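Work through the exercises below with the model open beside you. Try each task before reading its solution.

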Amino acid sequence: MTEQMDTARLPWSRRLGWAVGDAGINFYWQGVGIFLYFFYTDVMGISPGWAGVAFAAASFWDAVSDPVVGAIADRTRSRFGRFRPWLLFASPPCALAFMLVFWVPPLVGGWLVAYAVATHIMFRTLLAAIGIPYNALSARMTQDSVERGTIAMLRMIFAAGGALATAFTMPKFVSLIDNPRHAYFWAATLLGAGATLILMAVFLSTREQAADDDTPPVARTAGLFRTVAEEVASFWAMLRYNGPLARMFAVVILGGITTALNGKILLYWVKYDLKEPAVMVWLLPLPGFVLLFVAPLWNWFAQITSKQAAWMSGAVLSATSLALFYLFNPHDHVLLIAITILGAAGGSAGVIMFWSMLPDTVEYNQWATGERAEARIFGLTTFGQKAALGINALMLGAMLTQVGFVANRPQSAETLAALRAIMCLIPLAGLLCSALVLWHYPITARFHAQLRRDIADGTRHAVKV
């Protein structure tokens with residue numbers, strides 16, 4: 001099921017067959033990222049501090065398991081390839097775990113927190129077994145940098161569709177079903193079933209190309225665990241030689257710690273400040289609609305300038321949106337829509353360019369060290385992202401407690417002002433720091449083409465950028 005790797009354009013069936021997978025993954029990712037913390041505090045009844053602990057424990061476990069999954073996936077050998085089998089076998093149990101995450105058991109106190117931690121860890125482990133091989137497929141499918149930009153753009157369109165569906169489904173079920181406990185559970189059931197069908201379609205419609213690298217297969221269990229330990233020990237050393245990857249790693253950490261606060265606090269702002277819960281049905285899907293329209297424009301802009309320039313331009317729009325939201329506290333629906341569209345347009349550039357730039361670091365790694373290690377690179381990056389989200393959850397729990405937030409009660413003016421500051425000013429600071437990190441990002445289209453020529457010629461350059 002492999003083909004010789006070349007620079008030819010992928011057929012549209014292959015492009016779309018891979019890109020649609022991010023719709024299914026975003027059913028899960030958006031469901032957890034936007035709704036789960038709010039579900040813990042306002043539906044399950046866990047205090048903000050313990051909700052932060054539950055969320056952080058799963059995120060830290062996820063961060064540790066990601067490199068392990070990446071190391072194992074890099075050494076998977078099957079008639080379906082290295083990465084596709086993971087989509088086939090991990091998808092159904094992941095859907096079941098997602099349902100359990102949004103189920104409220106007849107437990108109280110510490111047992112309820114323990115249940116939240118256990119189900120969240122189980123779900124995150126299974127999602128890693130899908131997400132890392134899925135991401136690694138993008139580097140295995142093509143080495144052409146422009147083609148990667150195209151499939152990243154298509155991926156973001158489907159990701160927007162998945163995010164849109166999730167952002168609409170959860171609030172809609174809550175509005176239709178009186179008991180929010182039942183509403184979230186049945187919404188999760190529907191989304192999990194849809195994600196499974198989508199990921200099965202990815203498995204059937206994609207193929208992996210062969211690549212020359214020295215990543216050996218592991219035939220025995222003892223060899224597998226020894227190899228995983230060696231891989232984990234070598235992750236940080238990789239950043240010494242792969243400066244572009246180090247920059248992407250820093251950006252994903254900054255985003256996980258800071259900008260992720262915006263989406264989590266938005267639900268609290270709507271419920272307690274705007275006081276119009278029905279707004280969530282159209283406000284939460286709005287960024288997904290925006291991404292559907294602007295993704296091709298960002299891809300075109302990156303092709304005529306650079307991926308870095310597109311990311312920076314989007315950062316300007318996002319920063320402007322955050323500043324305006326903080327200054328005007330937009331209770332007027334027209335102003336709220338305008339600021340949301342501006343922020344969604346800017347944020348989409350960062351997401352699209354990140355997943356277009358990260359596969360290019362695979363060739364840089366091969367150029368510098370002789371090893372591609374797609375899954376290890378994606379595993380390392382998601383390790384940073386999820387560890388950062390764990391820190392984010394702990395920060396959020398501590399900050400909500402500090403500002404006097406108590407779920408399902410009226411909030412003071414001081415608490416509401418503090419919520420808006422957490423939602424806008426901390427993400428704004430993280431965004432500005434990320435722009436500084438990427439200011440001198442070195443991989444342009446021309447540089448990437450030179451990397452590929454050097455690799456073809458057998459030339460290696462152990463350099464730091």
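The exercises go from the whole chain to single residues.

This is a predicted model, in which local features need pLDDT of at least 70, side-chain atom pairs count only at pLDDT 80 or more, and totals for chains, interfaces and linings use all residues. Residues are numbered from 1 along each chain as its sequence is written, and side-chain values use heavy atoms, with hydrogens and water left out.

**Exercise 1. Overall form**

Task: Compare the radius of gyration of the protein with that of a compact globule.

Solution:
- Step 1. The radius is taken over C-alpha atoms, and the globule rule is 2.2 Å times the number of residues to the power 0.38.
- Step 2. For 465 residues a compact globule would have a radius near 23 Å.
- Step 3. The protein has 21 Å, which agrees.
- Step 4. Along the principal axes, the C-alpha atoms fill a box of roughly 65 × 45 × 40 Å.

**Exercise 2. Burial and elements**

Task: State what share of the residues is buried, and how many helices and strands there are.

Solution:
- Step 1. Buried means under 20% relative accessible area, exposed over 50%, and partly exposed in between (1.4 Å probe, protein chains only).
- Step 2. Buried residues make up 58% of the 465 residues.
- Step 3. Helices (H or I, at least four residues) and strands (E, at least two) are DSSP runs, numbered from the N terminus.
- Step 4. The protein has 17 helices and 2 strands.

**Exercise 3. Helix α12**

Task: Check the length of helix α12 (residues 307-328) against its expected span.

Solution:
- Step 1. The expected span is 1.5 Å times one less than the number of residues.
- Step 2. For the 22 residues of α12 this gives 32 Å.
- Step 3. The end C-alpha atoms of α12 are 32 Å apart, which agrees.
- Step 4. Among the buried residues of α12 are W311, A315, S318 and L322.
- Step 5. An α-helix has 3.6 residues a turn, so residues three or four places apart point the same way.

**Exercise 4. Positive phi**

Task: Describe the phi and the surroundings of N329 and N408.

Solution:
- Step 1. Most residues other than glycine have a negative phi.
- Step 2. N329 follows α12 and has a positive phi of about 45 degrees although it is not a glycine.
- Step 3. N329 sits in the loop between α12 and α13 (333-357), and at 19% relative accessibility it counts as buried.
- Step 4. N408 has a positive phi near 65 degrees and lies in the loop between α15 (374-402) and α16 (413-437).
- Step 5. At 48% relative accessibility, N408 counts as partly exposed.
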